[in-house]
Amino acid sequence: MRLVIDESRCKGCNLCVLVCPYGIFREGREQNQRGVIVPELDRPERCTNCRLQHLYGRLLCGMCQMICPDQAIAWEEERPYEPHRVEVEF
Amino acid sequence: MSAADWQRIDRLPNIYCAGCGNGSVINCTLAAVEEMGWTRENTVFISGIGCSSRAPGYILTDSLHTTHGRALAFATGVKLANPALNVVVFTGDGDLAAIGGNHFIHACRRNVDMTAICMNNQIYGMTGGQGSPTTPRGAISTTTPYGSAEPVFDLAELAVAAGANHVARWTSYHVKELMAAIATGLQTPGFSLVEVMTQCPTNYGRRNRLRQVSDMIEHLRTHALLVQKRDRLIREGKPIPEGMFVVGELVRRHRPAMGVRA
Amino acid sequence: MSRMEFMQGNTACAEGALAAGCTFFGGYPITPSTEVAEHMALKLPKRGGVFIQMEDEIASIAAAIGASWTGARAMTATSGPGFSLMMENIGYAVMTETPCVIVNIQRGGPSTGQPTRAAQGDMLQCRFGSHGDYGIIAVCPASVQEMFDLTAEAFNLADRYRVPAFVMSDEIVGHMRERVMLADTVETTPRRPLSPGRLPFEPGEDGVPGFPEFGRGHAAHVTGLTHDERGYPDATDHAAHEKLVRRLYQKIESARREIADYEVTNPDAEVVFVTYGPPARTVWQVMHDLSDPAIGHLRLRLVWPFPEFALAAFPDAKVFLMPELNMGQISREVERHVDVPVVSLPKLGGELHTPAELKRALEVHR
């Protein structure tokens, strides 16, 4: 699962920044097209919900989604893993 | 269904200001309703007038957005005429305590089976920040420019005294506890009041040195006194700190109720 | 099976509501309407209906409106001061197109006035009392039998046009005891439900939308704010507001021939009494005493929407006389529609006009 912020709904109140126990949300720096400074995600793969929701079959922490007054936070299914070639230089 | 399926997606984003707590209360309510397994066919949301009362407009079910202060009277009619419907009322501090005060105490007295969720932001937000019956003494609003001189209503205690079967108070910061309290309210036969202290950064915080959303949240967090702790302080004969408000479940009882599904 | 009884107007009103299938009554005691509530409190629980005495009149009509959205035929009954309290929610019922019946047993006003005396002083208040432009339906019974018949009819009209319907009676008819024929059931026209695929506030050809009853999965959002056909608030768009208010106004105005209910006596007359409610009873006596074909009588059983075409039933009329228990509230409405003089015969204080008074007026004005 992947954590996403719906930029068409977010008003940039940063409540998610206050409540996330993992510090995944960070105050944003740039305005989007609607003039809203949407929070940034700092290594969202650390979110328990992203990793363990399928395993437990239910929503885990979910604090950010619950407190988001603009219903802008959700987890969406990731697209199937697509292998791509990575060149590693030694 | 999941909680997100209860939202009227086509009406988002909502009208609330950035950082308003009302949206969080909607989330908690929908999560509790979802936990109850209620459906669109048997759930009705009713509200009066004010910021809080816009909430049913964002929920995909039958909803009645009524006149100022009268939501509980409308809800009484809906519930008694069709007890099979689950009735949830959204209201605010001005709506419930000022213009709707009479309907409030009588709804508690009748103990009609419904759950009222009061978003208490201590101000009239929609009209631009006027003082309400819950604006703390000394707080600045547009109608109390020298600080409010009036004592306040304690809505939860009022509901307990008036006879509601379940009364709880939380804040829009304590979302998990709030959701659990609302779920208890939905389960309890009879009248349930869940008072939610919410932040209004635009019209309350801005004038009362809580300019940032984080300041308001910090204020809510640090001024909430758990009911068990208050009781302990009383038992130990210690003073209860000034300016605190009690959170937790204040009462849960089984007085005779009206409109309970047979 | 019908049965003949001797009863009070207020009781007949309650019986009419029961016969029409009313299952919800929200009320608050107020003289001289209390007997309506008392009779409903007695009868409704036995029929599986709900009677509730609310904390005030504001809550009474609120509860009735709420009950109506669950599909129930709902009503409330009150008098002057309570009627004034109800005004805001009457506007709400109009805006949300909620069918409900409001009985007003009129008493002397303003303010507390004469609680035990009759008046017809709320005739304009029922039409214009809430803020904004709108249309409503109001019937005016002149006898105990009509209290039964017209109350039942008010439910049909309210459901047909999705509008609050008023039974504008008064202390005289409300407290009068007469013989009345009670039908067990009366003809009822049920509410038209919302058709599948239609939006909750999408009007039919007659301007009336189908009713999205609560608890059927319509997910109808009902608001007193200016709303679009989905029911969503749109409080700042002038076009949306104009469209909605024009429809609310027109759905009643354009149906006024269909709704009209009046009696014409002696259409060739030169002097014509126009009455509604109990002053008709004095006119009946006068016409009986004089038996003069030059005296006509237009009796309105339904006052709003005003059936101005009924006045044309008297092409030879030289003067219209209007005995009313107020300062001439409806006489002005009549004046707007005729070219001949309209004489208002107001009577205040709670007594009906006497036949002698009306005969004197005839001598002066014919």
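# Three chains: backbone outliers, rings and interfaces

Arg162(C) is buried, with a relative accessible area of 2%. I start there because the value falls under the 20% cut-off for a buried residue, and the backbone at this position is worth a look. One caveat before going on: this is a predicted model.

Arg162(C) is not a glycine, yet its phi is positive, at about 50 degrees. The residue sits in the loop between α6 (144-161) and β8 (164-170) of chain C. As background, most residues other than glycine have a negative phi, and most peptide bonds are trans.

Glu97(C) also has a positive phi, near 55 degrees, and is likewise not a glycine. Its place is the loop between α4 and β5 (100-108) of chain C. Buried or exposed, then, for Glu97(C)? Its relative accessible area is 0%, so Glu97(C) is buried.

On to the peptide bonds. Leu12(B) and Pro13(B) are joined by a cis bond, with omega about 0 degrees. Pro13(B) belongs to the segment before α1 (22-36) of chain B. In chain C, the bond between Thr31(C) and Pro32(C) is cis, again with omega about 0 degrees. Pro32(C) is in the loop between β2 (22-27) and α2 (34-43) of that chain.

Next, the interfaces, beginning with chains C and B. The contact involves 35 residues of chain C and 33 residues of chain B. How much area is buried between chain C and chain B? The figure is about 2700 Å², and carbon and sulfur atoms give 61% of that. On the chain C side, Glu55(C), Phe214(C) and Tyr232(C) supply 22% of the area buried against chain B, more than any other three residues.

There is 1 salt bridge between chain C and chain B. The side chains of Glu55(C) and Arg110(B) form a salt bridge, with an N to O distance of 2.8 Å. So Glu55(C) counts as a salt-bridge partner because that distance is within the 4 Å limit. The rule also finds 17 residue pairs in polar contact across this interface, both residues at pLDDT 80 or more.

As for secondary structure, β3 (50-53), α3 (57-69), α4 and β10 (221-223) of chain C each put at least two residues into the side that touches chain B. α3(C) gives the most, with 8 residues. By class, that side of chain C splits into 19 nonpolar, 10 polar and 6 charged residues.

One residue in helix α4 of chain C deserves a closer look: Asn89(C). At 1% relative accessibility, Asn89(C) is buried. Where does its side chain find a polar partner? A polar atom of the Asn89(C) side chain lies 3.2 Å from the backbone oxygen of Ile58(C). Leaving aside residues up to four places away in sequence, Asn89(C) touches Thr67(B), Arg70(B) and Phe74(B) in chain B, and Ile58(C), Ile61(C), Ala62(C) and Ile65(C) in chain C.

Phe74(B) brings us to the rings. Over all chains, the search finds 10 aromatic pairs. One of them is Phe74(B) with Tyr92(C): the ring centres are 5.1 Å apart and the planes meet at 70 degrees, so the pair is edge-to-face. Phe74(B) lies in helix α2 (residues 71-81) of chain B and Tyr92(C) in helix α4 (residues 80-95) of chain C, so this pair joins two chains. Both Phe74(B) and Tyr92(C) are buried.

Trp304(C) and Phe306(C) make a tilted pair, 6.4 Å centre to centre and with 55 degrees between the planes. Trp304(C) is buried at 2% relative accessible area, and Phe306(C) is buried at 5%. Ring pairs also link Trp69(C), Phe211(C) and Phe214(C) into a cluster.

Last, chains A and B. Chain A puts 18 residues into the contact and chain B 26 residues. The buried area is about 1600 Å², with 63% from carbon and sulfur atoms. Lys11(A), Met66(A) and Gln71(A) supply 39% of what chain A buries against chain B, more than any other three residues.

How many salt bridges does the rule find between chain A and chain B? The count is 0. Polar contacts number 11 residue pairs, both at pLDDT 80 or more. On chain A, the elements giving two or more residues to the side that touches chain B are α1 (15-19) and α3 (63-67). α3(A) gives the most, with 4 residues. That side of chain A has 11 nonpolar, 3 polar and 4 charged residues.

How values were computed. Residues numbered from 1 in each chain as written. Chains lettered and ligands numbered in written order. Heavy atoms only, no water. Contact = heavy atoms within 4.5 Å. Buried area = accessible area lost by both parts, 1.4 Å probe. Polar contact = N/O pair within 3.5 Å; in protein donor to acceptor, adjacent residues only side chain to side chain. Nonpolar A, V, L, I, M, F, W, Y, C, P; charged D, E, K, R; others polar. Phe/Tyr/Trp six-rings, centres within 6.5 Å; stacked < 30°, edge-to-face > 60°. Buried < 20%, exposed > 50% of the residue type's maximum accessible area, 1.4 Å probe, protein only.
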